[in-house]
Amino acid sequence: SGESGAGKTESTKLLLQHIMNLCKGNSQLEQQILQVNPLLEAFGNAQTVMNDNSSRFGKYIQLRFQKNTVRGAKLSEYLLEKSRVVQQDTGERNFHIFYYMFAGLSSEEKEMYGLLDPSLYRYISGRFGTQDVAQRWKQKYQEVCNALDMVGFQEQEQVDMQAILAGVLSLGNVTFEPEERNGSVKVSEASRGWLKAAAVINVLRQLVCCVPCPPWSPSVSCCCLCADARDSIAKVAYGRVFGWIVCKINELLAENVDPEVELSEIGILDIFGFENFAVNRFEQLCINLANEQLQHFFNHHIFQMEQAAYKEEELPWETITFNNNEPILNLLLAKPLGLLSLLDEQSAFPQATDKTLVDKLNSSFKGNLHFQPGRGRVLGFSIIHYAGKVQYTAGGFLEKNRDTLPANVRGLFINSITPLLSLLFTGKSLFLLWLAGLLIFRCPRQHSLMMLMERMYSANPHFVRCIKPNSQKEPGVVDSQVVLLQLRYNGLLETIRIRRDGFSWRPSFEEFAER
C-alpha cells in the first residue's frame, strides 16, 4: 500500500520475480506468471499527474504451491477506471495500450484496423508524444505482443481485440445533429467516415433508435443522450475486453492437479494508491475508500490485535494510541445512512440529480467532523480522510454509480460482426465473467470491495508500505516533508514504537526449546 506513485506495482513485480526465483524452477508456468504484469499494465495502467504508470484498477494475485513448486495462479481485478476511456484531465492520458498500438502497428496493420493519425482522436485528446516516447511505446507494444503469445492468446483473438480497441477510438469521434424534417437525431455528416471506421463495434448504426427522444425534449438534449450512449458503449466494450483478458489469463494459469491435493497459497495485493487531484471525481472516491479500508485493516492487525494479545497474556504494557479511521468508514459505509447507501438510494430515483444527492449529503452529515459541504459554485463536498482532506466534484456521481447499459444496446453487441465482441456479450461469456468475480451487475463498487476485504481478513497478512520520496516524479530526490507526512498518516511512527516496545518475534514452543 501507499499513495499513487509510491512504487506499489514495481514492488509487486520484484516480489513476484523473487518468489519465482525461490522456487528454483524455470517452468513455462512460472514464465507465464511473470508475463502477466506487462500485459495488465498495458491495458489497466495510464499516466496521471501523480504517476506516469498509475494502476487504474486493483489486482490480487494468488499463487498456489505444492511442495515449494508453483502449480497455478489466479488473478482478480477490482474497479477498473472505465471512465478514463472517454475522458482524461489535463496532463493525463488514456490507457497505455492505445498509444502502444499507434507506435507499434505497421502502416498495413493500421490501415486494416482503420486507424489514422493519433492527433485526430477525441478519446486520446489529440495528445501523442515526442519521437523518443513513441520509440519507447513501440518497444512496449512488442512486449505486449510477446506477453500475449507467451500467456497463450491465439492470433485471431489478438486481431479481434485490437480491432475492438481501434473501433472504440473511432467511436469517440462520432457526433450527432438534429434531423431537420422531424426533429429526431442523426449521425452528423462530418462524422460519417468515423461511423464507418467504427463498424467493428456495429452498434452505432442503430444507436439513434435505441435512445428515445421525448416529444417535449429539445433535439439538442437528444444529441447529448446519443453522445452519452456512445461513451457508455465505448466504456463497456473496453471493460469487457479487459475482463476477458483476465479470464483468459486465469484459464491458462489454472492449476492442473488432483482436487484432493491440498495447495498452499501466497496472495499479493497491488491496489491503486490514495489520490488527491485538482479535480476529484467518483473514481477517486472509490479509490480512496479502498485505501481507507486497507488502512483500517492495517490498524486492526498492527495495533488492535497486537495489544489485545498483550492484555490477554497479562503483560505489563502501556497502551499505544493510533489514528483510528473507523469514523470515516462509518461515514462512507454505514447502512442505511452512510454516504454510499445514500448514493445508491438517490441512484434508484429517475428524477434524482447530482444536486439532489449533494443536498441530501449536506443535510445528513451536518456536524460530522469528517464531512464538509462544498464551497463556491462547484457542486461537491469534502471528506477528511486518514491521509488528508479531499474535495470531490459531484458531477457524474449518479450516472457512474448506476453504470448501466440498456438491454437493447446489449443485443446490438451480441449481433456484432466481430466474433470476439459478440462473445463478450453472450450468456456463456457473461456467466464465466460472473464466476470469476469480474462482472457484478448491481453495485459493482460495493460488491467488489466487499469481496476484496473478505479475502484480506481470511489471510495471514504481511504489509509492504511504499513511501513516495517526492511529488515531482524525480529519481534520486528525497523531500523530507513529503516523506514525513506519509509516515505520519500511515501510522508508521506508531508502528515503529509498537515493534520496538512490543514482542515482534513469536517462536513456537518447539522452536524455543530447540534453540
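In this predicted model, the charged end of Arg465 is placed over the ring of Phe298, at 4.0 Å from the centre of that ring. Both residues also appear around Asn490, which touches Gln295, Phe298, Tyr386, Arg465 and Ile467 when residues up to four places away in sequence are not counted. Asn490 itself belongs to the loop between helix H19 (480–489) and helix H20 (492–501), and its relative accessible area is 5%, so that Asn490 is classed as buried, the limit for this class being under 20%. A further charge is found over an aromatic face at Phe153, where Lys248 lies 5.9 Å from the ring centre.

Contacts between aromatic rings were then examined, and a search of the whole structure returned 21 aromatic pairs. One of these is formed by Phe102 and Tyr121, whose rings are tilted, with 5.5 Å from centre to centre and 50° between the planes. Because Phe102 is part of helix H3 (residues 96–104), whereas Tyr121 is in the loop between helix H4 (107–113) and helix H5 (131–151), this pair ties together parts that are 19 residues apart in sequence. Phe102 and Tyr121 are both buried.

An edge-to-face arrangement is seen for Phe282 and Phe397, with 5.5 Å between the ring centres and 80° between the planes. Here Phe282 lies in helix H10 (residues 282–312) and Phe397 in helix H14 (residues 397–402), so parts that are 115 residues apart in sequence are tied together by the pair. Phe282 counts as buried at 7% relative accessibility, and Phe397, at 1%, likewise counts as buried. The two residues are also members of a cluster in which ring pairs link Phe282, Phe365, Phe371, Phe381, Tyr392 and Phe397.

The packing of two helices was also described. In general, such packing is characterised by the angle between the two axes and by the distance between them. For helix H12 (residues 339–347) and helix H13 (residues 354–364), the axes come within 10 Å and cross at roughly 145°, and the crossing of H12 and H13 is right-handed. On the H12 side, the contact is made by Leu339, Leu342, Leu343, Glu345 and Gln346, which meet Thr356, Leu357, Lys360, Leu361 and Ser364 of H13. Sorted by class, the residues in the contact of H12 with H13 comprise five nonpolar, three polar and two charged residues.

Note on methods. Residues are numbered from 1 along each chain as its sequence is written. This is a predicted model: local features need pLDDT of at least 70, side-chain atom pairs count only at pLDDT 80 or more; totals for chains, interfaces and linings use all residues. Side-chain values use heavy atoms; hydrogens and water are left out. Rings of Phe, Tyr and Trp (its six-membered ring) pair if their centres lie within 6.5 Å; planes under 30 degrees apart count as stacked, over 60 as edge-to-face and the rest as tilted. Helices (H or I, at least four residues) and strands (E, at least two) are DSSP runs, numbered from the N terminus. Buried means under 20% relative accessible area, exposed over 50%, partly exposed in between (1.4 Å probe, protein chains only). A charge sits over a ring if NZ of Lys or CZ of Arg is within 6 Å of the ring centre and within 35 degrees of the ring normal. Axes are lines fitted to C-alpha atoms, for helices over the stretch in contact, and angles run from 0 to 180 degrees between N-to-C directions. A crossing is left-handed if the near helix is turned anticlockwise from the far one by less than a right angle, and right-handed if clockwise. Contact means heavy atoms within 4.5 Å. Ala, Val, Leu, Ile, Met, Phe, Trp, Tyr, Cys and Pro count as nonpolar, Asp, Glu, Lys and Arg as charged, and the others, Gly among them, as polar.
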